[in-house]
Amino acid sequence: MSVITVHDKSFVSYLPESLILEKIKALADELNRDYAGKKPLFIAILNGSFMFASDLFKELHIDAEICFIKLASYKGTKSTGHVITAIGLDTDITDRHVVILEDIIDTGKTMNEFLPQIRNQQPASLKIAVLLHKPDATVFPIQIDYCCFSIPNKFVVGYGLDYDGLGRNIRELYQLETGPSV
Ligand code: 5GP
C-alpha cells in the first residue's frame with residue numbers, strides 16, 4: 001500500500017492501473033457487441049472522464065464517434081432554480097445511439113439534471129457508462145447501464161479525477177485516507 005499527498009490530504013493506493021485497464025477492456029468488449037452496426041455517439045463529460053474516455057475509445061473496434069462536453073452549473077431564476085447546461089454539444093443527437101461517459105456517479109444529481117436535456121433531443125437510444133459508482137451515496141434515481149467499479153462512499157483521486165484541481169495525472173486511483181482502523 002502506498003500513501004501520497006495531493007494538495008493537503010493523504011490518499012492511499014486503491015485501484016491499480018492494470019485493474020482499471022482490464023475493466024475498461026471488458027466494458028469495451030461489451031460495447032463492441034451491443035453497438036455493432038449502430039455507429040454510436042459517445043459523449044464524454046469533462047474534465048474527469050478524459051482518461052477513461054481515451055482508454056475506452058482505443059478499445060472500440062466498431063464505427064463510433066466521440067465528443068467532449070463540459071457541464072456548467074449556475075443559479076437560474078427563482079422558477080428554474082439550479083440549472084445545468086452542456087457546453088460544447090454541437091453534434092446533432094436526434095436519432096443517434098448515444099452513450100454518456102462519466103467518471104463517477106456520486107449522489108447522481110448532475111446526471112439527473114443533465115439527462116432530460118439529452119432526452120429532449122430524441123436520441124434513438126441513451127445509455128450511461130461510468131468508471132466509478134458510489135451506490136451508498138446515490139440519492140437521485142439514475143439508471144447506470146455500464147459500470148466498471150462500484151466503490152464505497154469515500155473520496156477518490158487519480159486517473160483523471162482531481163482533488164482541488166490536482167491529481168488528475170496519477171495513473172491509478174487513490175482513496176482518501178480516513179485514519180487507522182481499530
Ligand atoms: P454527483 O452529481 O453524482 O453527486 O457528482 C458528480 C461529480 O462530483 C463528479 O462528476 C465528480 O466531479 C465529483 N465527485 C464525486 N465524487 C468524487 C470523488 O470521490 N472524487 C472526485 N475527484 N470527484 C468526485
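Leaving aside residues up to four places away in sequence, Leu101 touches Phe42, Ile43, Ala44, Ile45, Ser49, Phe52, Ala53, Leu56 and Ala129. This comes from a predicted model. Leu101 sits in strand 6, which covers residues 97-105. With 21 C-beta neighbours inside 10 Å, Leu101 is over the line for burial, because 20 or more count as buried. Ile128 is worth a look too: Leu101 and Ile128 are 27 residues apart in sequence, yet their C-alpha atoms are 6.4 Å apart in space.

Strand 6 turns up again around the ligand. The ligand is surrounded by 15 residues, and the closest are Asp106, Thr107, Lys109, Thr110 and Leu161. Two or more residues each come from strand 6, helix 3 (109-119) and strand 9 (156-157). Strand 6 gives the most to this shell, with 3 residues. As for chemical character, the shell splits into 7 nonpolar, 4 polar and 4 charged residues.

Now for the start of the chain. Strand 1 (residues 3-6) pairs with strand 2 (residues 9-15) in the antiparallel sense, over 4 bridges. Thr5 has Ser10 of strand 2 as its bridge partner. The two strands, strand 1 and strand 2, make a hairpin with 2 residues between them, and His7 in the turn has a positive phi of about 60 degrees. Strand 2 also pairs with strand 10 (residues 173-176), again antiparallel and joined by 4 bridges. In that pairing, Ser13 stands opposite Tyr174 of strand 10. Strand 2 is thus bridged both to strand 1 and to strand 10.

Notes: Residues numbered from 1 in each chain as written. Predicted model: local features only at pLDDT ≥ 70, side-chain atom pairs only at ≥ 80, totals over all residues. Pairing = 2+ DSSP bridges. Buried ≥ 20, exposed ≤ 12 C-beta atoms within 10 Å, placed from the backbone. Contact = placed C-beta atoms within 7 Å. Near = placed C-beta within 6 Å. Nonpolar A, V, L, I, M, F, W, Y, C, P; charged D, E, K, R; others polar.
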